[in-house]
Number of protein chains: 6
Amino acid sequence: MSNQIREFQHYRERMNARILELDNRVIKRIFSVDSLAYSGDGQLDRPVRELLGLVASLVLRCDDCVRYHLAEAMTAGSSREEIVEAMSIGLVVGGTIVIPHLRRAVEFLDQLETGADTDTDIDTE
Amino acid sequence: MSNQIREFQHYRERMNARILELDNRVIKRIFSVDSLAYSGDGQLDRPVRELLGLVASLVLRCDDCVRYHLAEAMTAGSSREEIVEAMSIGLVVGGTIVIPHLRRAVEFLDQLETGADTDTDIDTE
Amino acid sequence: MSNQIREFQHYRERMNARILELDNRVIKRIFSVDSLAYSGDGQLDRPVRELLGLVASLVLRCDDCVRYHLAEAMTAGSSREEIVEAMSIGLVVGGTIVIPHLRRAVEFLDQLETGADTDTDIDTE
Amino acid sequence: MSNQIREFQHYRERMNARILELDNRVIKRIFSVDSLAYSGDGQLDRPVRELLGLVASLVLRCDDCVRYHLAEAMTAGSSREEIVEAMSIGLVVGGTIVIPHLRRAVEFLDQLETGADTDTDIDTE
Amino acid sequence: MSNQIREFQHYRERMNARILELDNRVIKRIFSVDSLAYSGDGQLDRPVRELLGLVASLVLRCDDCVRYHLAEAMTAGSSREEIVEAMSIGLVVGGTIVIPHLRRAVEFLDQLETGADTDTDIDTE
Amino acid sequence: MSNQIREFQHYRERMNARILELDNRVIKRIFSVDSLAYSGDGQLDRPVRELLGLVASLVLRCDDCVRYHLAEAMTAGSSREEIVEAMSIGLVVGGTIVIPHLRRAVEFLDQLETGADTDTDIDTE
């Protein structure tokens with residue numbers, strides 16, 4: 001696992017834990033429904049749901065959210081080609097303003113693949 | 001086909017034709033790549049691509065884009081339950097600001113289903 | 001109560017009911033946490049929370065959300081002057097792109113006040 | 001002048017006057033700096049500044065702001081072709097989510113031209 | 001005062017000074033009305049206005065703006081619990097796309113509190 | 001050429017090349033139409049088109065896009081004063097949420113000018 005991936009995950013896990021410690025009911029429920037949306041029973045299979053989260057994150061131009069869903073989509077079994085195609089739809093819908101985020105997304109995707117022989121599971125957003 | 005759907009489609013078709021008459025190369029190419037993104041060969045099947053376009057449109061809160069992809073997703077074979085689940089992910093990612101758009105989306109979806117015995121195909125965005 | 005207010009409320013109530021009928025767990029939980037955020041126990045009093053929702057809605061430029069929080073803020077006891085001042089902060093943060101939404105907000109606010117002798121309570125978003 | 005243009009202008013003027021009556025210093029200063037940005041002395045000529053306002057409005061997807069700057073750009077002397085080219089840049093930057101707004105913009109532009117033999121000056125935003 | 005806070009403040013002050021040196025009237029007036037919005041006389045007290053600026057910044061997902069208003073809200077006397085509750089409303093309105101910004105906000109808030117025994121006043125945006 | 005400019009350009013060029021290697025037709029066409037929008041024949045001259053791209057990028061708050069168009073506008077012959085005036089329109093339209101991006105834009109603009117004795121041409125976005 002590359003350093004960038006590791007740092008990203010550690011920061012996210014550490015700060016998510018810190019946020020939940022704040023013990024705000026509204027925040028905790030949003031975190032809970034976030035898990036439910038992607039992992040609960042449903043009509044759409046897991047990889048499709050992750051790609052939906054990925055494209056939503058890309059057009060809203062949130063790098064950390066994109067990184068999270070890239071990792072989750074790969075874990076759920078999406079191929080690189082499927083992920084790239086999903087991102088191409090985000091690029092068309094969102095326009096060239098998305099390009100800098102696509103650059104960072106592809107860099108992260110390359111790192112996820114290179115480091116695939118090590119631990120890449122991510123269990124909290 | 002309900003009047004709202006018919007008006008939506010006619011306006012879109014009429015103005016898209018008008019836009020292409022402007023004969024601006026950049027605009028024409030964007031329209032062309034838009035078609036390619038959803039209809040060309042690809043890794044993801046057509047319904048999934050339409051759901052990706054739907055969720056991107058929903059989180060960016062574009063009612064007309066949502067309506068277009070709702071119609072296209074149904075034509076491509078997505079079930080009502082799959083469409084609703086895709087929109088639920090858009091709602092989680094985009095927050096309660098999405099709710100008014102979800103109301104209009106569900107109203108349009110109901111009309112699409114009620115009018116399903118008539119012509120609902122839509123061939124230009 | 002003016003016709004515009006009445007139509008706004010009826011449409012919202014009718015479609016919110018329709019959305020909840022879809023029986024999607026994720027959507028229902030988002031609606032539930034939305035209520036909790038503004039009405040549950042908390043550190044900030046109800047008018048302040050409504051003004052926070054109002055300004056968030058204004059800078060995100062969601063007319064229906066703005067209308068909802070205008071009505072809620074008045075019901076919670078905010079004065080016209082406080083509401084206008086909150087919106088002035090939204091205008092500064094969000095820029096002149098907010099102006100058309102401010103026009104519709106002020107029109108709705110005027111109608112809320114004119115129709116204040118009739119029923120203006122709104123109990124679902 | 002077409003009815004749509006007339007209604008747009010009258011509503012804007014009426015509500016802008018209403019907003020200024022609220023006598024909020026912050027709001028009034030924002031309105032004042034808005035005028036200054038497009039009409040004051042500067043390095044860029046008036047048509048270019050209006051096209052900048054137009055493209056900013058288009059990528060932020062504010063129909064009323066787009067309509068205002070379309071009228072202002074024409075009054076300032078921009079040709080139809082220049083206006084369309086400016087909007088094509090907005091479409092590329094902002095993506096296909098801009099298309100519904102482009103449809104409404106082109107419809108309004110057509111009406112501005114058709115009604116050009118009558119009064120089209122607009123003196124307050 | 002932590003290094004992150006100090007660097008943030010120094011960069012902001014240095015570049016704000018640099019921007020004002022550009023001597024553009026429009027830019028200077030926007031900076032001026034920004035101060036007026038939060039510090040001038042008004043109906044809402046200072047902490048509420050800072051929380052309004054904070055939530056607007058959070059839903060628009062501007063980390064630097066969030067940091068600025070976190071510091072200002074604390075200086076104005078808002079408690080940690082009030083600040084967190086205000087941010088929870090931003091999270092509900094803005095959705096899970098806000099979470100990465102909430103992580104950075106909470107990290108900064110923790111640093112503001114830890115370094116509270118030293119100078120934390122910030123007098124220009 | 002300053003290190004920040006050099007790093008920005010190298011990263012962009014390296015990752016753009018990497019993206020094109022993905023060989024996705026939709027992505028490649030978007031990159032192609034992006035070049036066409038700014039460099040092809042047209043009604044508006046090159047500096048104006050770059051300023052339009054700059055303001056669109058600024059109100060959409062994309063730092064990398066702003067940096068790219070700052071460099072392009074300078075290369076195309078826009079003066080510092082014209083660039084600043086264009087950005088002032090973006091600030092008015094987009095509001096104070098744009099200020100942190102304006103800080104980074106002005107810092108980059110200063111570096112572009114300081115390093116103007118060395119190679120600053122940038123030939124791919």
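A disulfide here is a pair of cysteine sulfur atoms within 2.5 Å. Keep that cut-off handy, since the tour of this predicted model starts with cysteines.

**Stop 1: the cysteines of chain C**

Select C62(C) and C65(C) and show their side chains. The two sulfur atoms sit 2.3 Å apart, so they fall within the 2.5 Å cut-off and the pair is a disulfide. Now put a dihedral on the S-S bond: the torsion of C62(C) and C65(C) is about 60°, so this disulfide is right-handed. Are these cysteines buried or exposed? C62(C) has a relative accessibility of 3% and counts as buried. C65(C), also listed at 3%, counts as buried too.

**Stop 2: chains E and F**

Jump to C62(E) and C65(E). A disulfide joins them, with 2.3 Å from S to S. The torsion about the S-S bond of C62(E) and C65(E) is about 60°, so you are looking at a right-handed disulfide. Both of these cysteines are buried.

Then pick C62(F) and C65(F), where the sulfur atoms are 2.3 Å apart in another disulfide. Its torsion is about 60° as well, which makes the C62(F)-C65(F) disulfide right-handed. C62(F) and C65(F) are both buried. Over all chains, the count of disulfides comes to six.

**Stop 3: from chain F to chain A**

Time for some charges. There are 72 salt bridges over all chains, and a few are worth a click. Start with D64(F) and R104(A): they form a salt bridge whose closest N and O atoms are 3.1 Å apart. D64(F) lies in helix 4 (residues 63-76) of chain F and R104(A) in helix 6 (residues 99-114) of chain A, so this pair joins two chains. D64(F) counts as buried, at 13% relative accessibility.

Next, select E107(A) and R14(F), a salt bridge with its closest N and O atoms 3.8 Å apart. This pair also crosses between chains, running from helix 6 of chain A to helix 1 (residues 3-21) of chain F. How buried or exposed are the partners? E107(A) is buried at 17% relative accessibility, while R14(F) is partly exposed with a relative accessible area of 49%.

**Stop 4: from chain F to chain E**

Select R104(F) and D64(E). Their side chains meet in a salt bridge at 3.1 Å, N to O. The pair crosses from helix 6 (residues 99-114) of chain F to helix 4 (residues 63-75) of chain E. D64(E) is buried, with a relative accessible area of 12%. While you have chain E up, add R18(A), E21(A), R80(E), D110(E) and E113(E): salt bridges with shared partners join these residues into one network.

**Stop 5: where chain A touches chain B**

Finish by showing chains A and B. Here 23 residues of chain A are in contact with 23 residues of chain B. About 2200 Å² is buried between the two chains, and carbon and sulfur atoms give 79% of that area. Highlight L52(A), E85(A) and I89(A): in chain A they lose the most area to chain B, together 27% of what that side buries.

For polar detail, look for two salt bridges across this interface. One of them pairs E85(B) with R49(A), the closest N and O atoms being 3.5 Å apart. Four residue pairs between chain A and chain B are in polar contact.

Which helix of chain A gives the largest share of the side that touches chain B? Helix 3 of chain A does, with eight residues. Color that side by class and you get 15 nonpolar, three polar and five charged residues.

How values were computed
Residues numbered from 1 in each chain as written. Chains lettered and ligands numbered in written order. Predicted model: local features only at pLDDT ≥ 70, side-chain atom pairs only at ≥ 80, totals over all residues. Heavy atoms only, no water. Buried < 20%, exposed > 50% of the residue type's maximum accessible area, 1.4 Å probe, protein only. Salt bridge = Lys/Arg side-chain N within 4 Å of Asp/Glu carboxyl O. Helix = DSSP H or I, 4+ residues; strand = E, 2+ residues; numbered from the N terminus. Contact = heavy atoms within 4.5 Å. Buried area = accessible area lost by both parts, 1.4 Å probe. Polar contact = N/O pair within 3.5 Å; in protein donor to acceptor, adjacent residues only side chain to side chain. Nonpolar A, V, L, I, M, F, W, Y, C, P; charged D, E, K, R; others polar.
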